[in-house]
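Thanks, everyone, for making time. I'd like to walk you through one structure today, so have a look at it before I start talking.

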Amino acid sequence: MTGVDENPLALLPELLLAGSAVLGLLLGAWLPRARQWLVGLLAAGACLAGVVAAAVQAGLAAPTTAFGGAFAVDAVTTTARIVVLGAALPLLVLVAGASRGHRRETEYYVLLQLAALGALMLAGAADLLTLAAAYLLAGVPGYALAGFARDARGTEAALKYFVVGALLGVVLFTGVTLLLAAGRATGYPALRAVLPEAPGALVTAGLVALLAGPLFKAGAVPGHFWVPDAVQGASPPVAALLTTLPKVGAFAALFRLVSGPFADLPTDSVPWSGLLAALAAATMTLGNLAAFFQDDVRRLLAYSTISQAGYLLIPVAMAGRSELSQRALLYYLAGYAITNLGAFAVVCALPGARRLDDYRGLARRRPALVGALLVCLLGLVGTPPTAVFLGKLEAFGAAVDGGHAWLAALAVANTVASLFYYLRWLAPALLGPARPGAGPNPGRPAALTAYAAALGSLALGLAGGPVLALLDG
């Protein structure tokens, strides 16, 4: 390092989150069990301060790098910061409702913050070594959270998540090694200048191995195997976290890779765009087909997140081929995060309702909650005026603009097909006969989170024009 750009303030949101996690862990060791909610309050304050810091920094400073070019601060990083830290706030509410009075309540909050920090580091990584370290930081807290309940389901979820993550982590480190051998550097600008002249077979092998790590975090093919079992076995707030925070960081990392060190590779020898387009097609199709006849609501949402990863891969594959790719990806990530959290918040509000039939007649007992579920599920389909609708529209436009009209057509067909399994959930809830008794009593914090997320999805969709203009960065 030269010391020229070693500016800690460039990483202020990350430092606030890391400091809050360390301070919260120390504070939780001294607080009585009834007061551990103060650690969650501290975490919420750090997330709010981080959002403000990211927005102010974006308005006052031009895109730059820090710490020897290892971390980039630009529109992609800023958007990821706002989305991740903004999503961490409702997640803290969901975790607080599920862990209140737990003897390890503090650890819940701390691990959540560390997982968010790992996602932020993934989003800003501009060096292969930073990317590898961020992969570990984003993964280890998730492994612990998946098995936090220490029951049979949670243990199985944590084990499968860890095994797949460890395996693909080794593959990622292999990719780092191969690209270091090919480019004699780990920084993205240096690799971009050297890799086009390196042996194509070596670069291709390194690229494929490196992509395995972010694809695992994103829940995309071929690193998707962990998603259904981990989401079904973990507690609903943790499942919401696993399908939101790492995904945002992973897609930001993927976009930075393909628009940076891989951007100038000759497509005839290293066809990364075609590879990502094929993975997008496989991911969205597999996720939708597997979700068709799921009866467990968590497992259905798990396959839904896999299909959403396929749609999100479209603008990544179009990086450098379409000017729409960056804003499409960033807007879609924001819309997906808030809408997915809303759907999981409904599941958190009804902990006793695990299967589709448990929601039968719910509209007659909890109409507001079913209204939030309706907005979020139809939002995931891509129904106007929700945010995901405009995100999908931008992603499909990027595919057409980038010369992959076939991918846009396949994505439209998958979107129409996905309506089937979402309606399998909504139809009994809206039209089914009311069951005797009061039914499951919704947790108030989780229900309020669901209402806020549904309204947020609508608001972001209605404000799509100005937001997209900002995301052009």
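I'll go through the core, the empty spaces, the cysteines and then a few backbone oddities. One thing to keep in mind throughout: this is a predicted model.

Okay, the core. The largest nonpolar core takes in 170 residues. Which residues have the most contacts inside it? They are Phe251, Phe262, Tyr359 and Trp425. As for where the core residues come from, the largest share belongs to H14, which puts in 16 residues.

Let's stay on Trp425 for a second. Leaving out anything up to four places away in sequence, Trp425 touches Val297, Leu300, Leu301, Val347, Leu356, Tyr359, Leu373 and Leu377. You'll recognise Tyr359 from the list of best-connected core residues a moment ago.

Since H14 keeps turning up, let's pick a residue on it. Thr339 sits in H14, which runs from 325 to 349. Is Thr339 buried or exposed? Its relative accessible area is 0%, so Thr339 is buried. Beyond its sequence neighbours, Thr339 is in contact with Cys376, Gly379, Leu380, Val388 and Ser457.

Follow that contact across to Cys376, and you land in helix H16, residues 367-381. Cys376 is also at 0% relative accessibility, so this one counts as buried too. Looking back the other way, Cys376 touches Thr339, along with Gly342, Ala343 and Ala454. Val388, which we just had on the Thr339 list, is 12 residues along the chain from Cys376, with 9.6 Å between their C-alpha atoms.

While we're on helices, a quick word on H4, residues 105-124. H4 has 20 residues and spans 30 Å from first C-alpha to last, close to the 28 Å you'd expect. Of those 20 residues, 18 are buried, so H4 is largely enclosed by the rest of the structure.

Now for the cysteines. How many disulfides are there? The count is 0. Take Cys47: it is in no disulfide, and the nearest cysteine sulfur, on Cys348, is 17 Å away. For a disulfide we'd want the two sulfurs within 2.5 Å, so that distance rules it out. Cys348 isn't in one either, and there the nearest cysteine sulfur is that of Cys376, 12 Å off. Cys47 is buried at 1% relative accessible area, and Cys348 is buried as well, at 13%.

On to empty space. Searching the whole structure turns up 1 cavity of 30 Å³ or more, and its volume is about 30 Å³. Its lining includes Lys217, Trp226, Leu242 and Thr305. Which elements give two or more residues to that lining? Those are helix H8 (200-218) and helix H9 (226-233).

The largest pocket comes in at about 780 Å³. There are 30 residues lining this pocket, and the ones nearest its centre are Thr78, Thr79, Ile82, Val83 and Ala334. Helices H2, H3, H14, H19 and H20 each supply at least two lining residues. H3 gives the most, with 8 residues.

So let's look at H3 itself, at Val76, which lies in that helix. With a relative accessible area of 5%, Val76 is buried. Away from its sequence neighbours, Val76 contacts Ala252, Phe255, Arg256, Gln326 and Leu330. Pro63 is 13 residues from Val76 in sequence and 9.8 Å from it in space, C-alpha to C-alpha.

Last part: the backbone. There's a cis peptide bond between Val221 and Pro222, with omega about 5°, and Pro222 is in the loop between H8 and H9. Those are the two helices we met at the cavity. Another cis peptide bond joins Pro384 and Pro385, again with omega about 5°. Pro385 is in the loop that runs between H16 and helix H17 (387-401).

Then the positive phi values. Phe67 isn't a glycine, yet its phi is about 55°. Phe67 is in the loop between strands S1 and S2, and is partly exposed at 26%. Arg184 also has a positive phi of about 55° without being a glycine. Where is Arg184? You'll find Arg184 in the loop between helix H6 (152-183) and helix H7 (188-194), and at 68% relative accessibility Arg184 counts as exposed.

That's my tour. Happy to go back to any of it.

How values were computed. Residues numbered from 1 in each chain as written. Predicted model: local features only at pLDDT ≥ 70, side-chain atom pairs only at ≥ 80, totals over all residues. Heavy atoms only, no water. Helix = DSSP H or I, 4+ residues; strand = E, 2+ residues; numbered from the N terminus. Expected span 1.5 Å × (residues − 1). Buried < 20%, exposed > 50% of the residue type's maximum accessible area, 1.4 Å probe, protein only. Contact = heavy atoms within 4.5 Å. Core = buried A, V, L, I, M, F, W, Y, C linked by side-chain atoms within 4.5 Å. 1 Å grid on protein atoms, 1.4 Å probe; cavity = no way out; pocket = protein on both sides within 12 Å on 5 of 7 lines; lining within 4 Å. Points joined across faces, edges and corners; volume = space filled by probe spheres on them.
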